[in-house]
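Trainee: Could you take me closely through the lining of the largest cavity in this predicted model, and through the elements that border on it?

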Amino acid sequence: MTVTKTWWKDATVYQIWPASYKDSNGDGVGDIPGIISTLDYVKDLGVDVIWLSPMFDSPQDDMGYDISNYEGIYPKYGTMNDMDNLIEETHKRGMKMILDLVINHTSSEHDWFKESRSSKTNPKRDWYIWRPPRIDENGNRQPPTNWVSHFSGSAWAYDELTGEYYMHLFAKSQPDLNWENPETREAIYKSAVKFWLDKGIDGFRIDVASMYSKTYPLVDAPITFTDREFQPCGQFFLNGPRIHEFHKEMYDKVTGNYDAMTVGEVCKGTREESLAYVSAKEKEMNMIFLFDVVQLGYGADDRYEYQGFNLVDFKKAVHDQCEFVSGTDAWSTVFIENHDQPRCITRFGNPSKKYHAKSGKLLAMLEAALTGTLFIYQGQEIGMTNIGRDWDISDYQDIDSTNYYKEFKERVGGDEQKLSKLMENLALVARDNARTPVQWDDSANGGFSTAKPWMRINDNYPEINAKSQINDPNSLLSFYKQVLKLRKAYKDLFIYGEFKVLDYENKNTFTFTKTQAGKTAYVVLNFTEEEQPFEQLADGKLDLLVTNADKLEETKLSPYEGRIYLLN
Ligand code: NOJ
């Protein structure tokens with residue numbers, strides 16, 4: 001099948017998570033003028049598109065994924081005027097900008113919800129999902145189903161005023177919108193989608209795009225955890241019965257009328273289920289994020305029940321993501337970090353002083369060679385790492401981890417050993433790992449702010465920061481620039497090529513080829529801190545394109561060494 005090429009397929013996207021990016025006014029919180037001040041840095045990295053995480057007005061219970069006004073800006077981040085400037089300045093530099101589209105839920109502070117909760121007869125009552133309580137055998141009031149919310153506890157909250165529960169798959173302050181109601185959908189399209197496209201933005205990253213359609217009637221989930229009151233319930237809202245109808249409608253009525261890039265967060269599903277969102281002929285979204293790689297080792301229904309993984313698992317995950325679109329008219333993404341995932345250098349590389357830059361470069365090479373639209377998360381390009389194991393639970397800010405910790409502590413009766421294990425797992429996979437302030441330089445607060453940052457900064461900012469790397473040709477940052485250019489120069493191979501693993505069972509090295517129209521790239525990556533044998537696993541003459549090694553040996557790979565060759 002010949003692949004149609006468009007700007008959003010070729011693009012390198014840089015994700016900015018505003019709270020921790022750059023503070024311009026000394027209040028300890030990142031802001032829009034701060035972002036504007038770094039646009040040349042972003043452009044210089046080789047970025048084509050900026051994905052800006054929510055900057056809408058919000059009480060910030062879930063860092064802006066709880067929106068109280070789609071058409072307003074969170075005052076600490078700036079004004080609408082600042083936002084207009086940001087869009088203009090981004091475009092001036094030849095880059096595009098996509099925003100987060102968070103429309104599975106709003107904040108409970110959104111006017112729509114305030115009206116909805118005000119009475120059972122309010123015209124907007126049905127814009128959210130309300131149900132009467134269930135009364136148990138002892139005459140006690142219980143939530144309508146036993147579903148667990150993503151942030152622990154019941155997925156239902158009781159509202160005294162009208163004596164009913166509303167559904168919230170995430171925080172209590174994030175009530176789910178009722179997509180069954182056509183009037184609600186029209187309001188979403190107008191306020192959240194069209195408003196911004198008309199302002200000139202270039203598309204959206206679509207939050208939890210597989211969750212809008214719930215399965216009715218709402219029933220209890222099977223018991224997965226016998227020691228827990230509320231149960232995983234994904235089968236009742238992931239890829240639900242009307243989800244494709246909803247996406248097609250949004251495309252027909254809004255996004256399809258613009259040259260918009262749309263990338264959906266589609267969490268779990270079979271290959272067929274996921275392809276249905278992004279097959280070009282279906283006209284829904286351009287591409288989706290697949291989570292095989294970033295979720296490696298997470299517990300199946302609980303990320304904090306961390307299981308570990310090896311390089312063979314890693315290869316399988318990369319393979320499945322690359323294979324996803326093979327032979328179809330669909331498109332996909334490449335990413336290894338975002339605001340919900342820990343730092344890749346800690347998870348997949350080696351953050352020690354000795355191997356920080358080298359293993360960071362190894363991961364940069366891997367990313368640059370994979371099929372799909374490439375996403376890089378703020379700080380990834382300088383190798384920001386996870387927070388330390390010494391962090392106390394009081395240092396954590398994320399509602400996901402802090403709620404989980406509270407519930408877990410109760411569940412295990414304060415068992416110190418289990419709590420310590422949980423803290424270890426948090427330091428490995430919690431979302432806050434990626435949310436620490438960006439380390440711009442080695443001055444106080446890492447140059448992020450002149451004031452105490454809203455969130456604890458990673459202690460290693462004096463060693464790992466952008467300033468120390470920017471003029472160093474051997475730095476990770478310089479290497480990122482180099483491989484991003486290379487990816488573009490050989491885009492047929494890297495962005496569009498067919499992927500094939502050559503050493504599946506090898507637990508130390510990862511060797512694969514990318515092929516397109518008779519041309520082949522040969523990639524070999526040593527994922528260990530030991531030397532590994534270098535054996536050529538495909539016939540032809542190897543011409544080196546890039547490596548992170550100082551000097552190449554014919555028969556050996558040094559620790560974390562990677563090489564990308566053309567195979568002629
Ligand atoms: C996915 C977002 O990436 C995450 O940060 C957020 O908490 C949930 N969706 C809820 O909007």
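Mentor: In this predicted model, helix α9 provides the largest share of the lining of the largest cavity, with three residues. The cavity itself has a volume of about 90 Å³, and the count of cavities of 30 Å³ or more comes to three. Its lining is formed by V293, V318, Q321, C322, T333, V334, F335, I336, L366, E367, L370 and T371, and the elements that give two or more residues to this lining are α9 (311-323), β14 (333-334) and α11. In chemical character the lining residues divide into eight nonpolar, three polar and one charged.

Helix α11 deserves a separate look, since L366 and E367 appear both in the lining of the largest cavity and among the buried residues of this helix. Helix α11 runs over residues 356-368, and its 13 residues reach 18 Å from the first C-alpha to the last, which is close to the 18 Å expected at 1.5 Å a residue. The helix is mostly covered, with 12 of its 13 residues buried; among them are H356, K358, K361 and E367, alongside L362, L363, M365 and L366.

Elsewhere in the chain, A187 belongs to helix α6, which spans residues 182-198. A187 counts as buried because its relative accessibility is 15%, under the 20% cut-off, and, leaving aside its neighbours within four places in sequence, A187 is in contact with W112, W127 and A192.

Methods: Residues numbered from 1 in each chain as written. Predicted model: local features only at pLDDT ≥ 70, side-chain atom pairs only at ≥ 80, totals over all residues. Heavy atoms only, no water. Helix = DSSP H or I, 4+ residues; strand = E, 2+ residues; numbered from the N terminus. Buried < 20%, exposed > 50% of the residue type's maximum accessible area, 1.4 Å probe, protein only. Contact = heavy atoms within 4.5 Å. Expected span 1.5 Å × (residues − 1). 1 Å grid on protein atoms, 1.4 Å probe; cavity = no way out; pocket = protein on both sides within 12 Å on 5 of 7 lines; lining within 4 Å. Points joined across faces, edges and corners; volume = space filled by probe spheres on them. Nonpolar A, V, L, I, M, F, W, Y, C, P; charged D, E, K, R; others polar.
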